[in-house]
Amino acid sequence: MPASLVFLCARKVVSDHGSALRSLASLPQELYPVLFKAAFLDQRPLVIGELVLRWPERVLSLTRSLRACQHCCLDLSRDWPSRDCLQAVLLAVVKGLRERDRRDRNALRVLDLCGVQDEGSRREPNTMGSWFRTVALSKACLEARGRRRGGESTTKRRRGVSSPAVEVEVRADLFVNGSSFETVRQALRGLGPLRLVCRDLRAEELSTQRTASLLDMLEPSALRRVDLRYNNLGLAGIALLLPRLASCPSLLSLRLLYSNVDVHRPTPGMEAGLRELAGGLGGLRNLREINLTSLRLSGKLRLLLSALERPLEVLELPYFSLTPSDLSYLSSSPHAPALRKLDLSGNSLSVEQLPSLQRLLSLSRSLSHLVLSGCSLTDSLLGALLPSLGLCRGLQSLGLSLNPLSTRGLLSLAHTAICLPLLQLLVYPQPTDCYEEGLPQPPSYYNLMEFPLDQGKLARATEELREVLERAGRADLVLSTDLYSHSTAELLEE
């Protein structure tokens, strides 16, 4: 769609910093939002800063402002944000707080940076990732607090006058690890003119004590997602943290990745700890998404998920060591018909588990994203699954990489895929008959990752798959063998 005349004019206005800064005072404030979008698209940090200083509305939401512009090709929920532009926003907010004579021209009270890209796409130069953004936000809060304290008179401090009320609330998704913990902790403690409010928290490589103290400093009513990974929490650590999350009424998503829990290595009190874990999950009354990557809790899925008050919409269980009883429970549980995303990658699936998986897929009519990568699916196992898979009419993405499938098996998969009207992405493995001679049999996950391919055979197999799509008129369906370049869209509503 062609750009509107207003947007084209806005880009022209912001193209020259000097004239743009001089003309802002004479332009109607109704034009500020479109000027902001144009300045962000064309990376004009000086103009951005001046617009933020003069912002006429109470709320400035970065992602919504840019997404709302149909002519702006920058989407911060997908693209990495410009470092200079984000810094300009933060510097202007801090500057505006100390320029008291400009307050009547700045109505800004909420700066919303939630939803800015964190991971999953290629990062370009001069961009700011989530860790650096978290540190920059924290430092901005500390700077604003320090400037305000420095401006207070000695008399007021002696009389015990309290810190001023919060003037701007900064909402953001935070990424905290050992290197940034202390800076973030200081920013969250105490009052100041900038108040940092976390919506989605990602914490990596923190001790249980540090993670607990971090959760204690966050605003419970604002917290929506918690992602704890590589923290070596163990059952005791998880049990300590879950009661803190129970006080968060808006918590929709909990991700516990690589938390060092394995029922195959029993320890004293493990059964009691598992019951405590289940009870803690049951206390998260609005939970809709759970990720238990590499928590090897074979045979415990019923214990954990039956404690939840409402059906899950997103369930991710990579490397969970699923047993037949786990899949049997899941296929008959209240979660099965409600699931929109299911990830069982890294779990070796067998003939014994096949009936449960077939039943699960036949019930999951709302399923839009399915990942069965590295599940030891052979041609015969996949062939038995295809009729049930064909019932998932709402499926949008399907991941089957790192499974020992031949070209013949993949062609059968392609014929099923073209009949799924909403399917946009199919991630498939390199065919086993396209590897060089000597591939160990049966192929393992590691063989498929490391063994050399015969490029001639691979090219012919790829062409056969594409021909199936072309004959069916499914040019919209993306075929890929790349495990990491594609990510499913965010499922939970903001």
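Pro324, Leu327, Ser328, Leu330 and Ser331 of helix α14 meet Ser356, Arg359, Leu360 and Leu363 of helix α15, and the residues of this contact divide into five nonpolar, three polar and one charged. The model in which this contact is seen is a predicted one, and the pairing of these two helices is a convenient place from which to read the region around them.

The geometry of the pair can be described next. Helix α14 spans residues 324-332 and helix α15 residues 354-363, and their axes come within 8 Å and cross at roughly 25°. Because angles under 35 degrees count as roughly parallel, α14 and α15 are therefore roughly parallel to each other. In passing α15, helix α14 makes a left-handed crossing.

From the contact one can turn to the burial of each helix. In α15 the buried residues are Leu354, Ser356, Leu357, Leu360 and Leu361. These residues cover an arc of only 160° around the axis, which puts them on the same side of α15. The general background is that an α-helix has 3.6 residues a turn, so residues three or four places apart point the same way. The cover over the buried residues of α15 includes α14, together with the strands β9 (341-343) and β10 (369-371) and helix α16 (379-389). Ser356 and Leu360 are among the buried residues of α15, and both also belong to the contact with α14.

In α14, the buried residues are Asp326, Leu327, Tyr329, Leu330 and Ser331. What covers them includes helix α13 (301-305), strands β8 (314-316) and β9, and α15. Strand β9 thus appears in the cover of α14 as well as in that of α15.

The loop between α14 and β9 holds histidine 335. With a relative accessibility of 3%, where buried means under 20%, histidine 335 counts as buried. Leaving aside residues up to four places away in sequence, histidine 335 touches Leu305, Leu308, Arg310, Pro311, Leu312, Tyr329 and Leu330. Two of these partners, Tyr329 and Leu330, are themselves listed among the buried residues of α14, and Leu330 also takes part in the contact with α15.

These local details sit within a chain that has 19 helices and 13 strands. Of its 494 residues, 53% count as buried. Among contacts in the chain with a separation of 6 or more, residues 24 or more positions apart account for 81%.

Conventions
Residues are numbered from 1 along each chain as its sequence is written. This is a predicted model: local features need pLDDT of at least 70, side-chain atom pairs count only at pLDDT 80 or more; totals for chains, interfaces and linings use all residues. Side-chain values use heavy atoms; hydrogens and water are left out. Axes are lines fitted to C-alpha atoms, for helices over the stretch in contact, and angles run from 0 to 180 degrees between N-to-C directions. Helices (H or I, at least four residues) and strands (E, at least two) are DSSP runs, numbered from the N terminus. Angles under 35 degrees count as roughly parallel, over 145 as roughly antiparallel, 65 to 115 as roughly perpendicular and the rest as oblique. A crossing is left-handed if the near helix is turned anticlockwise from the far one by less than a right angle, and right-handed if clockwise. Contact means heavy atoms within 4.5 Å. Ala, Val, Leu, Ile, Met, Phe, Trp, Tyr, Cys and Pro count as nonpolar, Asp, Glu, Lys and Arg as charged, and the others, Gly among them, as polar. Buried means under 20% relative accessible area, exposed over 50%, partly exposed in between (1.4 Å probe, protein chains only). The arc is that of the directions from the helix axis to the C-beta atoms.
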